[in-house]
Amino acid sequence: MNKLPDFFIVGTVKAGTTSLYNYLVQHPDIYMSPVKEPHYFCTDIKPELFRDQYKKMIDVDVQSVLNDATGRKFISSAFIRNKTDYEKLFSGAKPNQKVGESSTSYMISTVAAANIHAVLPHAKIIIVLRDPVKRAYSHYLMNYRSGTVLGTFNQELKIDISAQPKGWGISRLYVEHGLYYEQVKRYLDLFGEENVKIILNEDLGHHTQEVVKSTFEFLGLNNDSDSNYHIWHNTAVMPSSVFSGFILKQRRLIQMASWIVPKVMRNLIYRKFLISKGIPQIDSESKQLLVGYYQSDILQLQQLIKRDLSHWMN
């Protein structure tokens, strides 16, 4: 029987989990799932109910990764529901390695925490949180970049707030993803404070090496790993041209390229198609609207995690 995860990065969306995944995978004593987000334990999220644009995002060749003996193939996200397939994700782990996966759906799912605990009650849980207003706007920029939304943030936010039905893969959940109090509480209640590490996005960004090394220690590992802490992954960017926008929407082509083209070359090409400067700032109306939604939740959260979060309400 293959090893199952010793730890989980459970979210949240657009908070820096991809960067943390990439920092952790560099440690020689860590093995991360080659499907970064297998979404196995969020059984309340039903891919068969996804809207077409979301189905395209998970229309990936999972079996090619599961059957890859080289360990080179990687998929960002897939919904794996078969236990045997899930266990195969970790077949490449060495006996001495800590095994992990990183599914951002586990935060907003109301059952994932209990499902994980039922199978792996001693697992370590890592949660990355971000100013919920900035998180929502970054989420929008990601969708805009992929071409799945066309309106302004204010327009798309109002559409999503009133959308029915709601759910992962059904609506955007711009607001809901940032309501952290209940999401975090579920994990603290089940796993206990000693087994839950909460990281703020601003700390991960400004004190990367310190935060990652403390995460190694949390996992019971040597913190002297020679990791590259200078690259921030999955940052907010926009297509550099109409042609670039078209190319970036060809998900199957990008997936195939990820198996053939060396990572260094992929990064160079990717940067050619995107710009990180000149990204429009959030409009004041949307910001005020979101701060109003989040204020009560932030006040509860800061008491729960014993961290001053007043700057999130400015």
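**Entry 1: a pair of rings in α9**

I started with Y187, which is buried at a relative accessible area of 0%. A reminder to myself before going on: this is a predicted model. I looked up F191 next, and F191 counts as buried too, at 4% relative accessibility. Both Y187 and F191 sit in helix α9, 4 residues apart, which is about one turn of the helix. My course notes help here: an α-helix has 3.6 residues a turn, so residues three or four places apart point the same way.

**Entry 2: more aromatic rings**

How many aromatic pairs does a search of the whole structure find? I got 16. I picked F50 and F79, an edge-to-face pair with 5.3 Å from centre to centre and 85° between the planes. This pair links distant parts of the chain, 29 residues apart: F50 is in the loop between β3 (35-37) and α2 (52-57), and F79 is in the loop between β4 (75-77) and α4 (83-88). Then I went back to my α9 rings, since Y187 and F191 also form an aromatic pair, this one stacked, at 6.1 Å centre to centre and 20° between the planes.

Are F50 and F79 buried or exposed? F50 is buried, with a relative accessible area of 5%. F79 counts as buried at 15%, because the cut-off for buried is under 20%.

I also found one aromatic cluster, formed by F8, Y40, F41, Y86, F90 and Y106. One more ring went on my list: K124 lies over the face of F218, at 5.0 Å from the ring centre.

**Entry 3: salt bridges**

I counted salt bridges next, and the structure holds 7. I wrote down a few of them.

- D6 and K3 meet through their side chains, with 3.7 Å from N to O. D6 counts as partly exposed at 25% relative accessibility, and K3 is partly exposed with a relative accessible area of 29%.
- K36 forms a salt bridge with E37, and their closest N and O atoms are 2.9 Å apart. K36 counts as buried at 2% relative accessibility, and E37 counts as buried at 10%.
- K306 forms a salt bridge with E193, where the closest N and O atoms are 3.4 Å apart. K306 lies in the segment after α15 and E193 in the loop between α9 and β7, so this pair ties together parts that are 113 residues apart in sequence. K306 counts as exposed at 63% relative accessibility, and E193 counts as exposed at 55%.

**Entry 4: helix α15 and what follows**

K306 made me curious about α15. Where does α15 bend? The bend is at Y294, by about 45°. Y294 is also one of the buried residues of this helix, and the others are S286, L290, V291, D297, I298, L301, Q302 and I305.

What covers the buried residues of α15? The cover includes three helices and two strands: α7 (132-146), α8 (153-161) and α9 (180-191), plus β6 (124-129) and β7 (196-200). So α9, the helix of my Y187 and F191 pair, turns up here again.

After α15 comes K306, with a positive phi near 55°. Further along I looked at N314, which lies in the segment after α15 (284-305). N314 is exposed, with a relative accessible area of 64%. Leaving out residues up to four places away in sequence, N314 touches K287 and V291. V291 is on my list of buried residues in α15. I also checked N314 against Q295: they are 19 residues apart in sequence, and 9.9 Å separates them in space, C-alpha to C-alpha.

**Entry 5: T215**

My last stop was T215, found in helix α11 (residues 208-218). T215 counts as buried, at 0% relative accessibility. Which backbone oxygen does the side chain of T215 reach? It is that of V211, at 2.8 Å. Not counting residues up to four places away in sequence, T215 touches L24, I126, K197 and I199.

Technical notes:
Residues are numbered from 1 along each chain as its sequence is written. This is a predicted model: local features need pLDDT of at least 70, side-chain atom pairs count only at pLDDT 80 or more; totals for chains, interfaces and linings use all residues. Side-chain values use heavy atoms; hydrogens and water are left out. Buried means under 20% relative accessible area, exposed over 50%, partly exposed in between (1.4 Å probe, protein chains only). A polar contact is a pair of N or O atoms within 3.5 Å; within protein, one must be able to donate a hydrogen and the other to accept it, and residues adjacent in sequence count only if both atoms are side-chain atoms. Contact means heavy atoms within 4.5 Å. The bend at a residue is the angle between axes fitted to the seven residues ending there and the seven starting there. A salt bridge is a side-chain nitrogen of Lys or Arg within 4 Å of a carboxyl oxygen of Asp or Glu. Rings of Phe, Tyr and Trp (its six-membered ring) pair if their centres lie within 6.5 Å; planes under 30 degrees apart count as stacked, over 60 as edge-to-face and the rest as tilted. A charge sits over a ring if NZ of Lys or CZ of Arg is within 6 Å of the ring centre and within 35 degrees of the ring normal.
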